[in-house]
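Me: I am new to this structure. Please take a close look at one part, the nonpolar core, and then connect it with the rest.

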Amino acid sequence: MTGYTIAVVGATGAVGTKMIQMLEQATFPIKSVKLLASKRSAGKKILFKGKEAEIQETTAESFENVDIALFSAGGSISKQFAPEAVKRGAVVIDNTSAYRMDSEVPLVVPEVNEEAVRSHKGIIANPNCSTIQMMVALEPIRKQYGLDRIIVSTYQAVSGAGISAVKEMKEQAQKMLNEEPYEATILPSGGDKKHFPIAFNALPQIDLFTEDGYTFEELKMINETKKIMSDDKIKVSATCVRIPVVSGHSESVYIEVKEDGASVSALQDILRNAPGVVLQDDPSNQIYPTALAAAGKKETFVGRIRKDRDEDKGFHMWIVSDNLLKGAAWNSVQIAESLHKLGLIKVSN
Ligand SMILES: NC(=O)c1ccc[n+]([C@@H]2O[C@H](COP(=O)([O-])OP(=O)(O)OC[C@H]3O[C@@H](n4cnc5c(N)ncnc54)[C@H](OP(=O)(O)O)[C@@H]3O)[C@@H](O)[C@H]2O)c1
């Protein structure tokens, strides 16, 4: 049987389990999958296309004869093992922030900059989940009217912080409803000093703070947008907030276009025909995207498009997508599909 051998690193995680599901739906030929995680999970079994596959501990040798390695086990694991995978001939598609801003590494959203995969030197980075959905919605508008400024406020789901954060939110919610004592040990950021409950709450901190008061998540959105759109001049600002939703990031986005002539109906027409976008914009019938409705879907949903009341070239919109699918697993598998489609990947023996 010919086809690619694909490794999934972090196969037991929030993103990794979705990667396995997305690979089951991929259109390129797959000979076999290698499911990798930490030593803790070695020996566990996961179904792939109805057959049991065993989780193995990740080692450098795991990548022998692997054609494509999808990484989502945290930045330090990518730093440790992605070079080992590349050394053994695999192309790495990395979901962590480890290589995103490396000038040698393309940062790819296939609907936006698929051709960038051609320049890879072994590693291709998958952007931050909040950035991906914003790019899918804004690039078609930018192509038509140019973009001068983007201001985004996010309402991000808890699964973006991994399986253990979702578990903790559910426990907190149950305990709060029972009026029992509850614990907060993970959010807003595992690496920070204090932790706050996310159940029935909204936390204006995702990742750690930088010196200028922005969080790293906010800087990811700002810097990655400029890199993906290949535009250093575009003005971008972000406020990232965690809310008690399991899956599906929502974003309130304000843009200022460069060219004259944009209107709500013109933007709606562009987005109606844009790849990967579903327009849900009919306020009179209360049609707009929500996180619950977007969860489990691969597309990016856009609605609530309004013209700013003061700024002639300013528009507001609401952008929603499943952070584990388009924001992570599906975008990674799409990148693998692009490599296959463009003839950039060889099957190893
Ligand atoms: N969640 C999202 O929406 C999202 C979106 C884009 C990118 N990402 C990025 O993807 C990465 C994973 O996120 P997640 O949400 O899936 O986290 P998660 O649910 O906590 O899963 C972490 C995964 O990493 C594995 N792992 C931990 N230590 C390891 C080691 N020493 N060697 C090999 N594997 C190890 C875990 O395996 P065990 O089960 O064996 O511990 C598990 O499979 C993070 O870098 C995150 O920033 C997440």
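Reply: A nonpolar core here is a set of buried Ala, Val, Leu, Ile, Met, Phe, Trp, Tyr and Cys residues joined through side-chain atoms within 4.5 Å. Buried means under 20% relative accessible area, exposed means over 50%, and partly exposed lies in between, with a 1.4 Å probe and protein chains only. The model is predicted: local features need pLDDT of at least 70, side-chain atom pairs count only at pLDDT 80 or more, and totals for chains, interfaces and linings use all residues. Residues are numbered from 1 along each chain as its sequence is written, and side-chain values use heavy atoms, with hydrogens and water left out.

The largest nonpolar core has 54 residues, and among these Leu 138 and Ile 255 touch the most other members. Helix H4 (residues 129–145) gives this core its largest share, eight residues. Helices (H or I, at least four residues) and strands (E, at least two) are DSSP runs, numbered from the N terminus. At least three residues of the core come from each of domain 1 (4–126 + 328–341) and domain 2 (131–323); such bounds come from an automatic or database domain assignment. In soluble globular proteins, nonpolar side chains tend to be buried together.

Ile 255 shows what the packing looks like around one member. Contact means heavy atoms within 4.5 Å. Not counting residues up to four places away in sequence, Ile 255 touches Leu 138, Ile 141, Leu 147, Arg 149, Ile 150, Lys 313, Gly 314, Phe 315 and Met 317. A second, separate core has 37 residues, including Ile 30, Val 33, Ala 37 and Ile 124.

Next to Ile 255 in the numbering is Tyr 254, which lies in strand S10. Tyr 254 counts as buried because its relative accessibility is 12%. With neighbours within four places in sequence left aside, Tyr 254 is in contact with Arg 149, Ile 150, Ile 151, Asp 308, Glu 311, Gly 314, Phe 315 and His 316. One of these, Asp 308, is 54 residues away along the chain, yet its C-alpha atom is 8.6 Å from that of Tyr 254. The side chain of Tyr 254 also makes a polar contact with the side chain of Glu 256, at 2.6 Å. A polar contact is a pair of N or O atoms within 3.5 Å; within protein, one must be able to donate a hydrogen and the other to accept it, and residues adjacent in sequence count only if both atoms are side-chain atoms.

Ile 150 also appears in the surroundings of Thr 225: with neighbours within four places left aside, Thr 225 is in contact with Thr 131, Met 134, Met 135, Ile 150, Lys 220 and Val 236. Thr 225 sits in helix H6 and, at 0% relative accessibility, counts as buried. Its side chain reaches the backbone oxygen of Met 221 at 2.6 Å.

Val 245 is in the loop between strand S9 (235–242) and strand S10 (249–257). At 22% relative accessibility, Val 245 counts as partly exposed. Val 245 is in contact with Ala 157, Val 158, Ser 159, Met 169 and Ala 291, again leaving aside neighbours within four places in sequence. Ala 157 is 88 residues from Val 245 in sequence, but the two C-alpha atoms are 4.8 Å apart.

Ser 159 leads to the ligand, as a polar backbone atom of Ser 159 is 3.0 Å from a ligand nitrogen atom. On the oxygen side, a polar backbone atom of Ala 14 is 2.8 Å from a ligand oxygen, and a backbone N or O atom of Val 15 lies 2.9 Å from a ligand oxygen. Ala 14 and Val 15 are among the buried residues of helix H1 (residues 14–24). The buried residues of H1 pack against several elements, including strand S1 (4–9), strand S2 (30–37), helix H5 (163–177) and helix H9 (325–341).

The two domains, finally, have centres 25 Å apart, taken over C-alpha atoms. Between them, 19 residues of domain 1 are in contact with 16 residues of domain 2.
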